[in-house]
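Below is a colleague's note on a structure you have to hand. Please read the points alongside the coordinates.

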Amino acid sequence: MSSIKNNWTLPEVLNLFEKSFNELLFEAHETHIKNHNKDTVQVCTLLSVKTGGCPEDCGYCSQSIHSDEPIEATPLMSLDEVREKATMARDQGSTRFCMGAAWRRPSNKNIDRVIKMIEVVHELGMESCVTLGMLSQDQAERLSKSGLNYYNHNLDTSREHYAKVISTRNYQDRLNTIRYVRESGIKVCSGGILGLGESREDRAKLLIELANLEQHPESVPINMLVHMEGTRLYDNEKVDELEFIRTIAISRIMMPKTYVRLSAGRESMADSMQALCFYAGANSVFYGEELLTAPNVTVEKDRALFNKLGMNIEGQESQIDELNKIKTPDVEKKQDFYNLKLIN
Ligand code: SAM
Ligand code: DTB
Ligand code: SF4
């Protein structure tokens, strides 16, 4: 990875933000097509395996007990339910399955249970990702031994703005978990949220934290704040759409080989806005009608959009081969899958 730059400075990144929109997008697109298949989007389905009741006070999150309208807390999902949801995601064409839990940090007993879930995802032929809060070094190693492909742990914003959003942990806690994940051999998925009341400088600093890690994260989700009722940041001002697209473009330029994921908030984005994000270098999305607790774009709408843009889902061909081998009792659903894919 010698061509990877990880000594970005604030003036350099602010200069990128100040370029004309067209020049910035053109540079990002050039970087994108040098490093990726330009018309391919990677898709990942999310499942909340343990919802609500979280003791952390992240000001944007409906699952925090500190929210004025906290979501009802549920116990950890059964393995059978996970298998059922993961099978549905696989049948819809997802190649990666990400399981989230509303924990500050998982107990060792819960790590054992999550490892069984990861095994189910692998049996179904998908890549696995989990996001469980802070990990110890030992827990990261155990997850790595289970074959876990990705761990999601977001920095969310700049070091300076962090304390205005979350007070129950600090930035270094976040970086420590990311280091344990990296050292254990699991791929790192780490990104942020726009709309937390941050400045452009905070956005630049977040990207610098990510891009100046010794190794760039393999995956960087850029979320648009989903305004969840009852959360402290519910009334925050909306981020300007062009500023959001600029942030995607700069992520692509700074981390050329990384999957940049256009993440939460897509449900309220117009097709044209998403199209510009893909042009600017986004090449991954969350797929399926639910994120963790918030709605996402439906699979049908996404397929129609990819179709209109001439984009393909990464791994689609091999998925179809795999499906040919599977004997699912739901013949009609399987037929729908083929029709949708093959008509595209
Ligand atoms: N509890 C774990 C943690 O915080 O690492 C895992 C689940 S947590 C919900 C995963 C990520 O989702 C957060 O780090 C945050 O970046 C993102 N997220 C949560 N609520 C969001 C919202 N309302 N809008 C946008 N992104 C959100
Ligand atoms: C990430 O960066 N975004 C996803 C995933 N990682 C776990 C979560 C978005 C959550 C949006 C709000 C909700 O569904 O509650
Ligand atoms: Fe808990 Fe994660 Fe929500 Fe923060 S973002 S309150 S850690 S579930």
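The points below take up the strands and their pairings, then two single residues, then a ligand site.

1. Status of the model. This is a predicted model, and the remarks that follow should be read with that in mind.

2. Strand β1. This strand covers residues 40–50, and 11 of the 11 are buried, so β1 is largely enclosed by the rest of the structure. β1 pairs with strand β10 (residues 312–313) in the parallel sense, over two bridges. In that pairing T40 stands opposite N312 of β10.

3. The other partners of β1. Strand β9 (residues 284–286) runs parallel to β1 and is joined to it by three bridges. Strand β2 (residues 96–101) also runs parallel to β1, here with six bridges. C44 is a useful residue to look at when checking these pairings: it stands opposite F286 in β9 and opposite R96 in β2. For T45, the bridge partner in β2 is F97.

4. The connection from β1 to β2. Helix α3 (residues 79–91) belongs to this unit: β1, α3 and β2 together make a β-α-β unit, and the unit is right-handed.

5. Strand β2. How many of the residues of β2 are buried? Six of its six residues are, and the strand is mostly covered. The burial applies to both faces: R96, C98 and G100 lie on one side, F97, M99 and A101 on the other, and all are buried. R96 is thus listed among the buried residues of β2, and R96 is also the residue that C44 stands opposite.

6. From β2 to β3. β2 and β3 run parallel and are joined by five bridges. C98 stands opposite C129 in β3. Between the two strands the chain passes through helix α4 (residues 108–123), and this β-α-β crossover is right-handed.

7. S128 in β3. Strand β3 spans residues 127–131, and S128 is found in it. S128 has a relative accessible area of 0%, against a cut-off of under 20% for a buried residue, so S128 counts as buried. The C-alpha atom of S128 is separated by 5.3 Å from that of N149, a residue 21 positions away along the chain.

8. Strand β7. Is this strand enclosed or open to the outside? Six of the six residues of β7 (residues 219–224) are buried, so the strand is largely enclosed by the rest of the structure. S219, P221 and N223 point one way from the strand, V220, I222 and M224 point the other way, and all are buried.

9. The β6 side of β7. Strand β6 (residues 192–194) pairs with β7 over three bridges, in the parallel sense. I193 stands opposite N223 of β7. With helix α8 (residues 200–211), β6 and β7 make a β-α-β unit that is right-handed.

10. The β8 side of β7. β7 also pairs in the parallel sense with strand β8 (residues 259–262), in this case over four bridges. Here P221 stands opposite R261 in β8. The chain goes from β7 through helix α9 (residues 241–254) to β8, in a right-handed β-α-β crossover.

11. D156. This residue deserves a look in the backbone geometry: D156 has a positive phi of about 70°, although it is not a glycine. D156 is found in the loop between β4 (150–152) and α6 (159–165). The relative accessible area of D156 is 2%, and the residue is buried.

12. Ligand 3. Where does ligand 3 sit? Ligand 3 sits in the largest cavity. The residues around it are C54, E56, C58, Y60, C61, S64, A102 and R169. By class, the shell around ligand 3 divides into five nonpolar residues, one polar and two charged.

Technical notes:
Residues are numbered from 1 along each chain as its sequence is written. Chains are lettered from A and ligands numbered from 1 in the order in which they are written. This is a predicted model: local features need pLDDT of at least 70, side-chain atom pairs count only at pLDDT 80 or more; totals for chains, interfaces and linings use all residues. Side-chain values use heavy atoms; hydrogens and water are left out. A residue is near a molecule or strand if one of its heavy atoms lies within 4 Å of it. On a 1 Å grid over the protein atoms alone, a cavity is a set of points where a 1.4 Å probe fits but cannot get out, and a pocket is an open set with protein on both sides within 12 Å along at least five of seven lines; lining residues have an atom within 4 Å of a point. A molecule sits in a cavity or pocket if more than half of its atoms lie within 2 Å of its grid points. Ala, Val, Leu, Ile, Met, Phe, Trp, Tyr, Cys and Pro count as nonpolar, Asp, Glu, Lys and Arg as charged, and the others, Gly among them, as polar. Buried means under 20% relative accessible area, exposed over 50%, partly exposed in between (1.4 Å probe, protein chains only). Two strands pair if DSSP finds at least two bridges between them. A crossover is right-handed if, with the strands pointing away from the viewer, the path from the first strand over the helix to the second runs clockwise.
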